[in-house]
Amino acid sequence: MPAFQRNDALNLLSKLTLRRVLNGLLVLSSYYISKWFKKPVQWGLPVSLSFEPTTSCNLRCPECPSGLRAFTRPTGMLNENFFKKTIDSLSDRLIYLIFYFQGEPYLNPDFLDMVRYASKKKIYTATSTNGHYLSDDLAKKTIESGLDRLIISIDGTTQDVYEQYRVGGKLEKVLQGARRVVKWKKELNSRTPFIIFQFLVVKPNEHQIEEVRNLAREIGVDDTRFKTAQIYDYENDPNGLIPLNQKYSRYRSLLKGGHELKNPLNNHCWRLWHATVITWDGMVVPCCFDKDAQHRLGDLKDRPFREIWRSEDYVNFRRLVLNSRKNVDICANCSEGTRVWEE
């Protein structure tokens with residue numbers, strides 16, 4: 001393992017406490033018991049949590065409901081006080097906190113203050129950004145916030161390719177932002193954040209995979225990772241995004257034409273036991289595939305998280321997945337159980 005990856009792993013391990021480890025063991029054991037006996041058992045609290053800073057976004061990516069402005073739920077900003085209250089109730093068990101669900105996190109003016117608050121509680125913090133708001137000032141504040149992982153989406157190495165998916169985006173602005181973060185990380189002598197170029201592999205950019213690796217080395221980011229794209233109408237692929245290289249596709253081509261999901265959709269899901277997602281306005285949803293929050297398992301404005309986590313609604317949703325995952329709409333186009341990342 002390269003030194004920079006080892007440092008990131010050690011940083012994550014440094015967040016562990018006895019209470020967090022015991023909670024993780026409870027969650028893991030309850031997941032396997034549920035999987036083996038096909039009955040939903042839930043011990044412990046989430047190990048990982050995604051909190052949505054905002055649903056707003058500056059881009060119009062063709063397979064993203066935020067980019068398409070296709071949400072039926074309201075657009076808004078996560079309130080800092082509400083965030084703190086929720087994190088206070090979970091921080092002694094929580095290990096990993098993702099500041100991302102839909103939207104662009106840096107559009108929330110309190111985003112880095114919330115990162116700083118979670119970092120002080122020794123929680124591993126991560127976010128994913130399209131990289132358009134990494135001014136020199138915000139790049140410096142990102143380092144100072146204590147953010148542990150920064151994922152920058154860079155889906156092309158030339159503007160003409162990049163903009164085919166990142167509609168409305170400016171590649172050079174993203175690269176400048178990445179350089180600023182690398183610069184301030186060095187100047188402040190910080191070991192964090194672990195900076196990743198994330199390359200969403202689609203047909204228009206799959207020929208640039210080696211180029212983005214070289215670009216990452218040139219700029220000095222820590223790692224490059226390749227992610228497969230979720231295509232809503234994958235049978236027909238109307239936007240022509242499914243790559244020809246099957247290694248980087250969630251779907252396989254059929255001889256008769258069209259595509260099918262590679263994932264066999266076995267009746268279990270680790271995410272439902274160890275992680276959850278909270279929208280900007282306090283809705284608890286099962287996972288990141290429920291982008292429009294159709295499966296609302298509770299509202300933190302009305303009930304505390306621990307009550308929601310063990311509620312009958314959550315138990316019933318886990319039971320549905322254990323009985324017939326393929327019949328749950330958000331599971332029918334899901335990559336859980338298949339390898340998504342390539343390092």
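Here is a short walk through a predicted model, from its sheet to some of its salt bridges.

Start with the strands. They include an open sheet of 9, running E6-E5-E4-E3-E2-E1-E9-E10-E11 with mixed pairing. Select 223-228 and 298-299 to see the edges: these are strands E6 and E11, and each one pairs on one side only.

Now move inside the sheet and pick residues 96-99 and 124-129. These are E2 and E3, which pair in the parallel sense over 4 bridges. Click on Ile98 and you'll find Ala126 of E3 standing opposite. Next add residues 111-120: this is helix H4, which packs on the sheet and touches both E2 and E3, its direction making about 180 degrees with that of E2. For another helix on the sheet, select 171-187. That's H7, touching E4 (149-153) and E5 (194-201), at about 160 degrees to the direction of E5.

Time for side chains. The structure holds 20 salt bridges, so many stops are possible; here are a few.

- Show Asp88 and Lys121: their side chains meet in a salt bridge at 3.2 Å, N to O. Asp88 sits in helix H3 and Lys121 in the loop between H4 and E3, 33 residues apart.
- Go back to H7 and show Lys183. Its partner is Asp136, with the closest N and O atoms 2.7 Å apart; Asp136 belongs to helix H5.
- Stay on H7 for Arg179, which pairs with Glu218 at 3.8 Å between the closest N and O atoms. Glu218 is in helix H8 and counts as exposed because its relative accessibility is 58%.

Last stop: select Arg19, Asp92, Arg93 and Arg306, joined into one network by salt bridges that share partners.

Technical notes
Residues are numbered from 1 along each chain as its sequence is written. This is a predicted model: local features need pLDDT of at least 70, side-chain atom pairs count only at pLDDT 80 or more; totals for chains, interfaces and linings use all residues. Side-chain values use heavy atoms; hydrogens and water are left out. Two strands pair if DSSP finds at least two bridges between them. Helices (H or I, at least four residues) and strands (E, at least two) are DSSP runs, numbered from the N terminus. Contact means heavy atoms within 4.5 Å. Axes are lines fitted to C-alpha atoms, for helices over the stretch in contact, and angles run from 0 to 180 degrees between N-to-C directions. A salt bridge is a side-chain nitrogen of Lys or Arg within 4 Å of a carboxyl oxygen of Asp or Glu. Buried means under 20% relative accessible area, exposed over 50%, partly exposed in between (1.4 Å probe, protein chains only).
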